[in-house]
Amino acid sequence: ETVLVAVDETWEGSDTSETLVAPARPHRHIRVRCAVGLTVVAAVVCAVVVTTTAAQNGALLPRVLFKEQLDIEASPGALCNDGSPGAYYFARADPAALAPGEAPSARWLIYLHGGFQCWDNASCACRVATSPELISSEGWPTTALATGVLQQLRGWNVVTVGYCSSDSWIGDGRRAAGLVFNGRRILEATLDQLSARHGFTAATRVLIGGGGGGGG
């Protein structure tokens, strides 16, 4: 049985791409094919092929990440453009994949989602009208499915940070065009919450990357 799932992501100036998260479909296995535009802001539409026969070909089991909303009382400025709380998705390291004697909180992969920016009334109005998921966390799903390297490195804790600040993660509370830009505060609050809830302060190895506005 094969199921096709459409996944949308916004990237800048890229002719190749890999989708790292997709809506979770329990007990299925995945591979990804992408068709990418070549414009400055390229809309990437990926067909995620989910097949129940992949286990016969040695595919890894699906890895589900769970959404965790940021605690606004602890981090008041960690807000999306529209004032909704920032959020991230998290999956613990697989104990079976740890090195002998290694602590579960030792290794971390952190992926920052991208989606270009807006910079004036016209560009921000367009963003609000056409890409509401990039200015608000309200409609984000409760789970996501890791693929690619996020799926393969099972001995690492995986975090994907949702992008809803339109500022390439550098905003620190500035308001413009009816929006608030808090990317830096969202990222800082994410690290604080990972420390408080999941032992991030015990990390010995941390890899941080991203796509589009999150990869600069």
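**Entry 1: C126.** I looked up the closest cysteine sulfur to that of C126 in this predicted model. It belongs to C118, at 9.5 Å, which is too far for a bond. A pair would need sulfur atoms within 2.5 Å to be assigned as a disulfide. I also recorded the accessibility of C126: at 43% relative accessibility, this residue counts as partly exposed.

**Entry 2: bonded cysteines.** I then searched the chain for disulfides and obtained two. With the bonded cysteines numbered in sequence order, I noted the pairing 1-4, 2-3.

**Entry 3: C118 and C124.** I found the sulfur atoms of C118 and C124 to be 2.2 Å apart, and the two residues form a disulfide. The angle about its S-S bond is 85°, and I entered the link as right-handed. C118 counts as buried at 6% relative accessibility, and C124 counts as buried at 2%.

**Entry 4: C80 and C164.** For the disulfide of C80 and C164, I read a sulfur separation of 2.1 Å. C80 lies in the loop between strand 5 (63-69) and strand 6, while C164 lies in the loop between strand 9 and strand 10, so the pair ties together parts that are 84 residues apart in sequence. The torsion about the S-S bond is about -70°, so I recorded this disulfide as left-handed. C80 is buried, with a relative accessible area of 0%, and C164 is buried, also with a value of 0%.

**Entry 5: S166.** I located S166 in the loop between strand 9 and strand 10 (174-176). S166 is buried, with a relative accessible area of 1%. Its side chain makes a polar contact with the side chain of R127 at 2.5 Å. Leaving out residues up to four places away in sequence, I listed the residues that S166 touches, among them N81, F116, C118, R127 and F181.

**Entry 6: nonpolar core.** I examined the largest nonpolar core, which has 30 residues; Y88, V159, V161, I186 and L194 touch the most other members. The elements giving two or more residues to this core are strand 6 (87-91), strand 7 (107-112), strand 8 (143-146), strand 9 (157-161) and helix 3 (183-198). I followed I186 further: beyond four places in sequence, I186 touches residues including C80, V161, C164 and W169.

**Entry 7: whole chain.** I counted three helices and twelve strands. Buried residues make up 48% of the 216 residues. Among contacts between residues at least 6 apart in sequence, 72% join residues at least 24 apart. I noted an accessible surface of about 10600 Å², of which 55% belongs to carbon and sulfur atoms.

Terms used: Residues numbered from 1 in each chain as written. Predicted model: local features only at pLDDT ≥ 70, side-chain atom pairs only at ≥ 80, totals over all residues. Heavy atoms only, no water. Core = buried A, V, L, I, M, F, W, Y, C linked by side-chain atoms within 4.5 Å. Buried < 20%, exposed > 50% of the residue type's maximum accessible area, 1.4 Å probe, protein only. Helix = DSSP H or I, 4+ residues; strand = E, 2+ residues; numbered from the N terminus. Contact = heavy atoms within 4.5 Å. Polar contact = N/O pair within 3.5 Å; in protein donor to acceptor, adjacent residues only side chain to side chain. Areas by Shrake-Rupley, 256 points an atom, 1.4 Å probe, with all protein chains shown as cover.
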